[in-house]
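Colleague: I've got a model open and I'd like to learn how to read it. Could you walk me through it, step by step?

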Amino acid sequence: MAAPRPLRVLCLAGFRQSERGFREKTGALRKALRGRAELVCLSGPHPVVDTAGAGPESGSCPPEEQPRGWWFSEQGADVFSALEEPAVCRGLEAALGTVAQALNQLGPFDGLLGFSQGAALAALVCALGQAGEYATG
């Protein structure tokens, strides 16, 4: 009997993370799942510029390491606050489009995993899919 194929899981990075950074942070999980699951990491579509000086300048790191986000919670600023109810979710349509594109081009996937803002997006994608309002190719 042939061994079952490994599960494929689309992993959505958190706000101010990059695909590469998220892949590095899930290294222990990746190692524990070796041979049983493949984790495919994805970062948000929107570059996040660090205005507080706490991280790398947007031009000082390679594009694959630049902090990114899925959406912004203020109309006039590229910020996200998880502690306050947002007045807007600016950029959410692009985020949903990025996930749909990944599902269509990199899939099929057996699951969806997210961290922080990526987890909220994963829940939204699942809820929209369950309601029949989110479909891929």
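Modeller: Sure. Start with the order of elements: read along the sequence, this chain goes β-α-α-β-β-β-α-β-α. That comes to four helices and five strands. Keep in mind that this is a predicted model.

Colleague: How much of the chain is buried?

Modeller: Of the 137 residues in the chain, 35% are buried. The accessible surface is about 8,200 Å², and carbon and sulfur atoms account for 56% of that.

Colleague: And what do the contacts say about how far apart in sequence the partners are?

Modeller: Take the contacts between residues at least 6 apart in sequence: 69% of them join residues at least 24 apart.

Colleague: On to the strands. What is the strand order in the open sheet of three strands?

Modeller: The order is 2-1-5, and the pairing is parallel. Strand 2 and strand 5 (111–114) are the edge strands, each pairing on one side only. From one strand to the next, the twist averages 30 degrees.

Colleague: How many bridges join strand 1 to strand 2?

Modeller: Six, with strand 1 (residues 7–12) and strand 2 running parallel. You can find the register by looking at partners: Val-9 is opposite Leu-39 in strand 2, and Leu-12 has Leu-42 of strand 2 as its bridge partner.

Colleague: Is strand 2 mostly covered or mostly open?

Modeller: As a general idea, side chains in a regular strand alternate between the two faces of the sheet. Here, strand 2 (residues 37–42) is mostly covered, with five of its six residues buried.

Colleague: What lies across strand 1 and strand 2?

Modeller: Helix 3 does, running at about 160 degrees to strand 1. Helix 4 packs on the sheet too, where it touches strand 1 and strand 5. The direction of helix 4 makes about 150 degrees with that of strand 5.

Colleague: How do I describe two helices that pack together?

Modeller: Two packed helices are described by the angle between their axes and the distance between the axes. In this case, the axes of helix 3 (residues 92–106) and helix 4 (residues 117–130) come within 11 Å and cross at roughly 75 degrees. Helix 3 and helix 4 are therefore roughly perpendicular to each other.

Colleague: Which residues make the contact between helix 3 and helix 4?

Modeller: Helix 3 contributes Leu-92, Ala-95, Leu-96 and Val-99, while helix 4 brings Leu-121, Leu-124, Val-125 and Leu-128. Sorted by class, the contact has eight nonpolar residues, no polar ones and no charged ones.

Key: Residues numbered from 1 in each chain as written. Predicted model: local features only at pLDDT ≥ 70, side-chain atom pairs only at ≥ 80, totals over all residues. Heavy atoms only, no water. Axes fitted to C-alpha atoms, helices over the stretch in contact; angles between N-to-C directions. Helix = DSSP H or I, 4+ residues; strand = E, 2+ residues; numbered from the N terminus. Parallel < 35°, antiparallel > 145°, perpendicular 65-115°, else oblique. Contact = heavy atoms within 4.5 Å. Nonpolar A, V, L, I, M, F, W, Y, C, P; charged D, E, K, R; others polar. Buried < 20%, exposed > 50% of the residue type's maximum accessible area, 1.4 Å probe, protein only. Areas by Shrake-Rupley, 256 points an atom, 1.4 Å probe, with all protein chains shown as cover. Pairing = 2+ DSSP bridges.
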